[in-house]
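Trainee: I should like to request a close look at a single part of this structure. Please take the part in detail and then place it in its wider setting.

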Amino acid sequence: MKRVLFLFGLLLLAGCSEEIVAYEGMPLKIAVLGEFQDHYNTNIEIVEITFDALEEAVTDATLQFDALFITPTVFGQASQDEYIQVYKEAIIPIIYYDAAKGHFAFTKENITYDTLHFQKLINGSHSTLYLHNEIPAGEEFAERKRGIYVFNFYLNRDRYDIMLKEIYEKIETLT
């Protein structure tokens, strides 16, 4: 009887476990300002950069970065006014990762992440993708126009693997 209960318990545990969902698209090279690790995906190259290298990383096509992640450990400095123009001139998407307040503190003058008056966006997003210069026009991504493109990502049941897959897929469509 104990053996049957034990086997039944194992079956329940196995049925409840969730498989990791990985990004299976083209390899991506991601610049990271702050601290970030991706344990789920093998075709993502993570390159840590400094604020001194920020402008070059997001505007120099020869570096071949597909996106920039900015993470919470640097939100205070990254939201200073001196970087607004850098973000506007970026030729790659910028992901404000784990930024409950969205992109506003990074793209508006006289506001920092710490001084932004609300604690989180009403929509409950986890991370925000921001691209100022070139955005997709229409259903096809082949045609582009100038403007601002913002896309929010949501964390569902602490499934970072699924959210990261969605972020990488969106980056792939924009590169």
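Trainee: With which residue does Lys 165 form a salt bridge, and how far apart are the closest N and O atoms?

Mentor: The partner of Lys 165 is Glu 169, and the closest N and O atoms of this salt bridge are 2.8 Å apart. The model is a predicted one, and every value quoted here is computed from it. Side chains of opposite charge can pair when their charged atoms come close. In this case the sequence spacing fits the geometry of the element: Lys 165 and Glu 169 both belong to helix 6, which covers residues 160–174, and because they are 4 residues apart in that helix, about one helical turn separates them. Lys 165 has a relative accessibility of 24%, so it counts as partly exposed. Glu 169 is likewise partly exposed, with a relative accessible area of 33%.

A search of the whole structure finds 2 salt bridges. Besides the pair already described, Arg 159 forms a salt bridge with Asp 161, where the closest N and O atoms are 2.6 Å apart. Arg 159 and Asp 161 are both buried, whereas Lys 165 is partly exposed at 24%.

Another contact of a charged side chain involves Lys 170. Its charged end sits over the ring of Phe 151, at 4.2 Å from the ring centre. An arrangement of this kind also occurs at Lys 29, whose charged end sits over the ring of Phe 65, 4.9 Å from its centre.

Rings also pair with one another. A pair of aromatic rings is described by the distance of the centres and the angle of the planes. The structure holds 13 aromatic pairs. One of them joins Phe 51 and Tyr 83: the centres are 5.1 Å apart and the planes make an angle of 40 degrees, which places the pair in the tilted class. Phe 51 is part of helix 2 (residues 51–59), while Tyr 83 lies in the loop between helix 3 (75–78) and helix 4 (84–89), so the pair ties together parts that are 32 residues apart in sequence. Phe 51 has a relative accessibility of 16% and therefore counts as buried. Tyr 83 is buried too, with a relative accessible area of 9%. Ring pairs also link a cluster made up of Phe 75, Tyr 87, Tyr 96, Phe 106, Tyr 113 and Tyr 130.

The loop between helix 5 (104–107) and strand 5 (127–131) contains Ser 125. This serine has 6% relative accessibility, so it counts as buried. Leaving aside residues up to four places away in sequence, Ser 125 touches Ala 100, Asn 152, Phe 153 and Tyr 154. Asn 110 lies in that loop between helix 5 and strand 5 as well, but with 68% relative accessibility Asn 110 counts as exposed. Although Asn 110 is not a glycine, it has a positive phi of about 65 degrees. Gln 64, also not a glycine, has a positive phi of about 60 degrees. Gln 64 is found in the loop between helix 2 and strand 3 (67–70), and at 57% relative accessibility Gln 64 counts as exposed.

As for the wider setting, the secondary structure of the chain comes to 6 helices and 8 strands. Along the sequence these elements follow the pattern α-β-β-α-β-α-α-β-α-β-β-β-β-α. Of the 175 residues, 42% count as buried. Among the contacts with a separation of 6 or more, 62% are between residues 24 or more positions apart. The accessible surface of the chain is about 10400 Å², and 53% of this surface belongs to carbon and sulfur atoms.

Finally, the confidence of the prediction should be stated. The chain averages a pLDDT of 82, and 78% of the residues score at least 70. Over residues 4–15 the pLDDT is below 50, and this stretch has 0 contacts in the model beyond near neighbours in sequence. For residues 140–144 the pLDDT also stays under 50, yet the model has 13 contacts for them beyond four places in sequence. Where pLDDT is low, the predicted coordinates should not be read in detail.

Terms used. Residues are numbered from 1 along each chain as its sequence is written. This is a predicted model: local features need pLDDT of at least 70, side-chain atom pairs count only at pLDDT 80 or more; totals for chains, interfaces and linings use all residues. Side-chain values use heavy atoms; hydrogens and water are left out. Rings of Phe, Tyr and Trp (its six-membered ring) pair if their centres lie within 6.5 Å; planes under 30 degrees apart count as stacked, over 60 as edge-to-face and the rest as tilted. Helices (H or I, at least four residues) and strands (E, at least two) are DSSP runs, numbered from the N terminus. Buried means under 20% relative accessible area, exposed over 50%, partly exposed in between (1.4 Å probe, protein chains only). A charge sits over a ring if NZ of Lys or CZ of Arg is within 6 Å of the ring centre and within 35 degrees of the ring normal. pLDDT is the predictor's confidence in each residue, from 0 to 100. Contact means heavy atoms within 4.5 Å. A salt bridge is a side-chain nitrogen of Lys or Arg within 4 Å of a carboxyl oxygen of Asp or Glu. Accessible areas come from the Shrake-Rupley method with a 1.4 Å probe; for residues, only the protein chains shown count as cover.
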